[in-house]
Each structure stands twice: as C-alpha cells, then as structure tokens.
Amino acid sequence: MQLHDKNFIPYLSEADVLAAVQKVADAVAADYQNETPIFVGVLNGSFMFVADFLKAYPHPCEVSFVKMSSYQGLTSTGIVETLLDVSEDIEGKSVIILEDIVDTGRTLKELIHMFSDINIKEFKIATLFYKSEIYTGEYTIDYFGMKIPDKFIVGYGLDYKELGRNLRAVYQLNQPHMINLVLFGKPGAGKGTQAEFLKEKYNLKHISTGDLFRYNMSNDTELGKLAKSYIDRGDLVPDEVTIKMLQDDVEKNPDASGFIFDGFPRTTAQAEALDAFLSTKNMKINATIALEANDEVLIQRLLERGKVSGRTDDQDEDKIRNRFKEYNQKTAPLKDFYEAQGKFHSVNGIGAIDEITQRLAKVIEEL
Ligand code: AMP
C-alpha cells in the first residue's frame, strides 16, 4: 500500500489490534473498579484507540483529550509542542493517559510535566503500542497492549504525513534497502571470515548455522546435544532441526537491514524452506555468492584452523573429506537452484583476505 512516497505492508490485523485494546481495557478496569478515573487521550493518533478502549471499558469513567505533536514525516523531531490542554477539572482525580504509541518517551515527558503542578490523585500511562527497545524515559509504562519493534507503523489512528489514520489494521514501512546474501562454499572457503567484514561494511546481521550449533553444543542445550553426533562425524544435522533454528534466529532480529546466511542453506530442501520463510516476511535472497577454492588448499586451511580453534571437525582429515563429500552431494546442487533464479555469483576465494572482500563487495554493489 502506498502513502505519499512510501510503501507499507500489513503488520497487524484489525483483530490483533482490537485484542491489544481489550488487553489494556481489562488491565485498567481491574484496577479501577471502585472509582471514576479520567482518561486523557493524546491527539491526534489516539482517537481510534480511545474510542475502542472506552467501548471495552466496563466501569464509569470520564474522558478528555490533549493535543501534542513531535513527528514530522518518518522521524520524531524531538520538539514536542502542546497544542491543546485538558480543560476539565481534574484536581483530586486519577488521570490515566491513553497513548496510541510510546517510543522514545519524549511526548510522554512533556505530558507528565504538564500534569506536574496539578494536584491529582494518581497519574498512570496506558499505551496501545510500546516500542520498549527505544524507550528512554524514566516513567514506567503502567499498561500496554503490545510491545513492538522499532518499525515505523501507520493505521488505526497513526499516520505518515497525515495519511493512513483511517486504516483499521496496522501497516509497517517496507524497508526498501534490505540486502540478504547467502555465502556459499565448501568448509574452509572463508565464509565466516568474509561475513565478518561484509556485515560491518553493509550493516548486516550474520547468521552462521555452524556457529549457532557450536554455541548450543558448548552450552549443552538440547539442540546442542542433538547436533553433536552429526557434527562430530562431519555429517549434516537433519533439515527440520536446522531450518527451525535458522527461522528463530531471523525472527530475533526484526529490525536488521539484511542478513548474511553463512552455512545455510546446505540442501535444496533448506533453500526451498528459506525462500518460503522469507516470503512470509516480505523478504527475499538478493544474491548467493560462492567462494571457490580447491580441496587441497581447503584441507590445509582447515587443519591449520583446527590447531587454534579446537574444532574437532577441523582436526581430522577423514572428517574434513566427509564434509566435502556432503557438500558435493547435497550442497553443490544448490548452484543450479540459485542459477535458475538468476542469483548465483562466483568469486575466487584464493588470495589475501582483503582482496577477496573487495571481490565480494564488487558483486554486492552491482546488485
Ligand atoms: P560450519 O561451521 O558451517 O562448517 O558447520 C559445522 C557443522 O555444523 C557442519 O559440518 C554440519 O554438521 C553442521 N551444520 C551447519 N550448518 C548446517 C546446515 N545448514 N545444515 C545441516 N548441518 C549444518
């Protein structure tokens, strides 16, 4: 959906939003059974929330509004203006602020200041959406409907340059510059090393399934125990285990501006699962880049790495050869899979580390 110059994609359905409103109303109602509080909606964004909240609120109550403004376009300007004050007599009453969204907490600070010299009984904050990760205010948020990541959202009262307020559902800004890469190559090809540079250069999140497994093994988790026997032999861990782990890790990073998948996918089934999963998030793989090097060079690199890393799968030539065999049988066919999508790129993986980084950067910048 287009609003002005930006594209927005569905984020929360009307039912999700109303469930969050109900949650706030129930929590507030449980605390105010025996008194009549005054709810103060913060305009403009909260008008829908206030209306639905009041319909869901079962006890006697009063309502008023204040108007403040701090957003211009997509970013908070930091300047909060009070445009309209509460006119009702609120002395001695419990005041509950109804905010559509709390993000940095600047608007809230101004609001709290506004009430600071009035002699009210109690002051509470209820917000429908709460960007807890970026909230820097000192005031505790007493009630919230839903915590959300730091995405720009519109709909259900919230706007982008005044448009979108009338939408019943909530939409998020479609991140246009996301880059998702698959680093492809045999064990020892330098995927992990190069991923470290690329993630800095392009501000990407690096997901290495091998590292995730090793983390789980060293922490002796259920997943680690399960993976250990496969990894110790140089075999692949079963797809259903790996796919699930990968999805969990992507979901932990909803704000990433892109991912580098290193060591995943390693089978056609994993590649298909990755495409299907990414499409549910309105994401896709932009490029698969293979780091090419011959087996004898790789074996030497892995044996050297095994001496310092302590990785047992790098210390034994038979295990290494078994990993190559797994690669040739299961992973190499992925070249065709990505070539068919026009996404496969090959890079010479032999040379100085920074030379190889430059070769990779050239491919990425031409995307
Ligand atoms: P790596 O660090 O990428 O060389 O991975 C080390 C080991 O972890 C592999 O030899 C496999 O046993 C296991 N592993 C890592 N990624 C995957 C994957 N995508 N599918 C199955 N097994 C994997």
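The following exercises, with worked solutions, treat the fold, the backbone and the ligand site of one predicted model.

Residues are numbered from 1 along each chain as its sequence is written. In this predicted model, local features need pLDDT of at least 70 and side-chain atom pairs count only at pLDDT 80 or more, while totals for chains, interfaces and linings use all residues, and side-chain values use heavy atoms, with hydrogens and water left out.

**Exercise 1.** Describe the overall dimensions and secondary structure of the protein chain.

*Solution.* Begin with the elements: the protein chain has 12 helices and 15 strands (DSSP runs, numbered from the N terminus; helices are H or I with at least four residues, strands are E with at least two). Next, take the extent along the principal axes: the C-alpha atoms fill a box of roughly 85 × 45 × 35 Å. Finally, consider the radius of gyration, taken over C-alpha atoms: the chain has 27 Å, whereas a compact globule of 367 residues would have a value near 21 Å (the globule rule is 2.2 Å times the number of residues to the power 0.38).

**Exercise 2.** Locate the cis peptide bonds at Asn 44 and Pro 265.

*Solution.* The bond from Leu 43 to Asn 44 is cis, with omega near 0°; Asn 44 lies in the loop between β3 (38–43) and α2 (47–56). A further cis bond joins Phe 264 and Pro 265, with omega about -5°. Pro 265 belongs to the loop between β13 (258–262) and α8 (268–280).

**Exercise 3.** Characterise the surroundings of the ligand and its polar contacts.

*Solution.* First, establish the shell: 16 residues surround the ligand, and the closest are Thr 209, Asp 235, Gly 263, Arg 266 and Gln 270 (a residue is near if one of its heavy atoms lies within 4 Å). Helix α5 (residues 209–218) supplies the largest share of this shell, 4 residues.

Second, sort the shell by class: 5 residues are nonpolar, 5 polar and 6 charged (Ala, Val, Leu, Ile, Met, Phe, Trp, Tyr, Cys and Pro count as nonpolar, Asp, Glu, Lys and Arg as charged, and the others, Gly among them, as polar).

Third, examine the polar contacts (pairs of N or O atoms within 3.5 Å). A ligand nitrogen atom is 2.7 Å from a side-chain N or O atom of Thr 209. A polar side-chain atom of Arg 266 lies 2.9 Å from a nitrogen atom of the ligand, and the side chain of Arg 214 places an N or O atom 2.9 Å from a ligand oxygen atom.

Conventions:
Polar contact = N/O pair within 3.5 Å; in protein donor to acceptor, adjacent residues only side chain to side chain.
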